[in-house]
Amino acid sequence: MVTTAARRVRRPLWLHPAAKPLLFTLSLLPFAWLLYGAIADKLGANPAEHLIRSLGDWTLRFLCLTLAVTPVRTVLKQPALARFRRMLGLFTFFYVALHLVAYSWFDMGLDFGDIAKDIAKRPFILVGFAAFLLMTPLAATSFNRAIRALGAPRWQALHRAIYAVAVLGILHFFWMRAGKHNFAEVAVYAAILAVLLGWRVWHRLRRPGRVPQGAQRA
Amino acid sequence: LPGAKSAVAGAATMEKVTEYKDATSYNNFYEFGTDKSDPAQNAHTLKTRPWVVEVEGLVKKPGKFAIDDLLKLAPMEERIYRLRCVEGWSMVIPWEGYSLSALINKVEPLGNAKFVEFVTLADPKTMPFVGSRVLDWPYVEGLRMDEAMHPLTLLSFGMYGEVLPNQNGAPVRIVVPWKYGFKSAKSIVKIRFTEKEPPTAWNKAAANEYGFYSNVNPNVDHPRWSQATERRIGEDGLFAKKRKTLMFNGYEQQVGQLYAGMDLKKNY
């Protein structure tokens with residue numbers, strides 16, 4: 001009895017069976033809030049702009065959260081945190097897909113000729129679109145059978161594309177804000193991503209003799 | 001602040017007027033922040049009384065005009081103008097004011113005065129973002145003399161029948177309806193007549209993106225986006241189709257001749 005109770009106390013919160021459904025629900029809240037705003041016409045004077053930008057913001061936030069999983073679980077020595085990584089990654093894709101749909105629909109009126117021209121004309125759109133294209137195979141290979149089919153090392157190599165997505169994403173945001181020389185928020189996201197990516201470089205350099213962590217897991 | 005019906009051609013579009021709430025909460029006024037919602041939140045600190053506009057430079061009668069004298073300088077007219085922002089959105093706003101030419105005639109420009117420069121207040125105590133590195137403060141805009149003298153160019157003190165809200169450029173601003181919105185300087189403290197083209201704020205910040213003329217022109221794209229269409233604020237919400245942008249914002253008939261023979265791709 002005593003040992004069971006003690007174990008229960010020591011069991012971290014994120015191993016609770018409700019942890020994943022809870023995270024899932026929390027991750028849907030921004031979407032629900034924006035959907036409510038759109039239906040109730042509460043998105044301000046320029047609802048299209050508000051919707052597109054908010055979905056972009058949430059994409060960046062989920063990207064940061066996804067990339068934070070590995071450093072946090074390593075630093076805190078809580079390997080079980082990895083169980084949230086796939087869900088966070090898929091929510092990043094969920095928000096980026098909505099971001100693209102909202103832009104295509106509300107900004108470009110679903111005129112695919114105009115969208116193609118816009119991608120060619122505006123570097124920040126091109127970079128954002130490239131990031132989306134890079135994320136698509138990652139989302140498409142996120143389920144267990146895909147991992148098995150690819151083999152873990154190849155799957156791992158493919159999913160390192162997320163680092164390129166992070167760089168493209170921040171460049172997209174930077175360029176979008178560059179017109180107004182307004183870089184305060186860009187700097188916040190860039191700093192977070194720099195820490196998350198920098199930690200990986202540092203972590204690897206610190207233990208040169210060891211196999212990369214991901215491959216080890218396989 | 002009531003205004004009489006204007007006799008100036010093109011002075012009153014029949015299009016649906018933008019809601020007051022949208023016109024006063026979705027603003028670009030960087031002295032109060034770069035978000036569209038910032039000016040409405042922050043501009044309450046602006047002190048619009050006492051207010052003096054200094055007229056100087058190449059004029060016979062330079063001087064300082066107190067805001068109350070400016071208000072009485074000519075009869076107030078209502079002008080319902082389209083406003084097209086360089087960012088690709090537009091509104092329809094009923095302004096109160098009178099043609100800037102009334103003031104210009106009063107101060108008697110000299111023959112060598114070719115341009116008019118407008119300087120916005122830059123008071124770090126009441127404008128929290130003056131000092132940010134977004135632009136070179138104070139905000140400066142300018143017009144060619146014939147543009148400034150055009151009857152559509154408005155010296156404005158009010159909108160929607162009321163005194164200008166602070167976030168819309170109180171207590172006195174310029175409205176040039178055929179140019180992108182940033183050309184219409186807000187909260188003006190100085191009007192200077194010069195021989196040389198004034199160095200304007202956005203032109204200094206990015207000369208390849210924002211020219212001195214900045215006439216609304218659907219055929220000349222901003223380097224980073226198309227200017228062919230615009231989103232009319234408040235029009236049918238999320239699913240509204242964008243509108244086609246009109247040459248000189250629909251004022252071609254009135255102002256086209258000012259630019260006869262000019263290459264508008266070069267003089268963007």
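This is a short walk through a two-chain predicted model, from chain A to a sheet in chain B.

Before clicking, note that residues count from 1 along each chain as its sequence is written, and chains are lettered from A in the order in which they are written. Because the model is predicted, local features need pLDDT of at least 70 and side-chain atom pairs count only at pLDDT 80 or more, while totals for chains, interfaces and linings use all residues.

Select chain A. You'll see eleven helices and zero strands (DSSP runs: H or I of at least four residues for helices, E of at least two for strands, numbered from the N terminus). Its C-alpha trace spans about 65 × 45 × 40 Å along the principal axes. Of its 218 residues, 22% are buried, with 20 or more other C-beta atoms within 10 Å of their own, C-beta atoms being placed from the backbone.

Now narrow to residues 59–169 of chain A, which an unreviewed UniProt entry annotates as "domain: Ferric oxidoreductase"; such annotations may be inferred rather than shown by experiment. This stretch is 83% helix and 0% strand, and its end C-alpha atoms are 9 Å apart.

Hop to chain B, residues 47–202, annotated in an unreviewed UniProt entry as "domain: Oxidoreductase molybdopterin-binding". Here the chain is 13% helix and 37% strand.

Next, pick out the open five-stranded sheet of chain B, ordered S3-S2-S11-S6-S7 with mixed pairing (strands pair if DSSP finds at least two bridges between them). Its edges are S3 (63–66) and S7 (140–144) of chain B.

Last stop: S6 (residues 115–120) of chain B runs antiparallel to S7(B), joined by five bridges. Zoom in on B:Phe115, whose bridge partner in S7(B) is B:Arg144.

Notes: A residue is buried if 20 or more other C-beta atoms lie within 10 Å of its own, exposed if 12 or fewer, and partly exposed in between; C-beta atoms are placed from the backbone.
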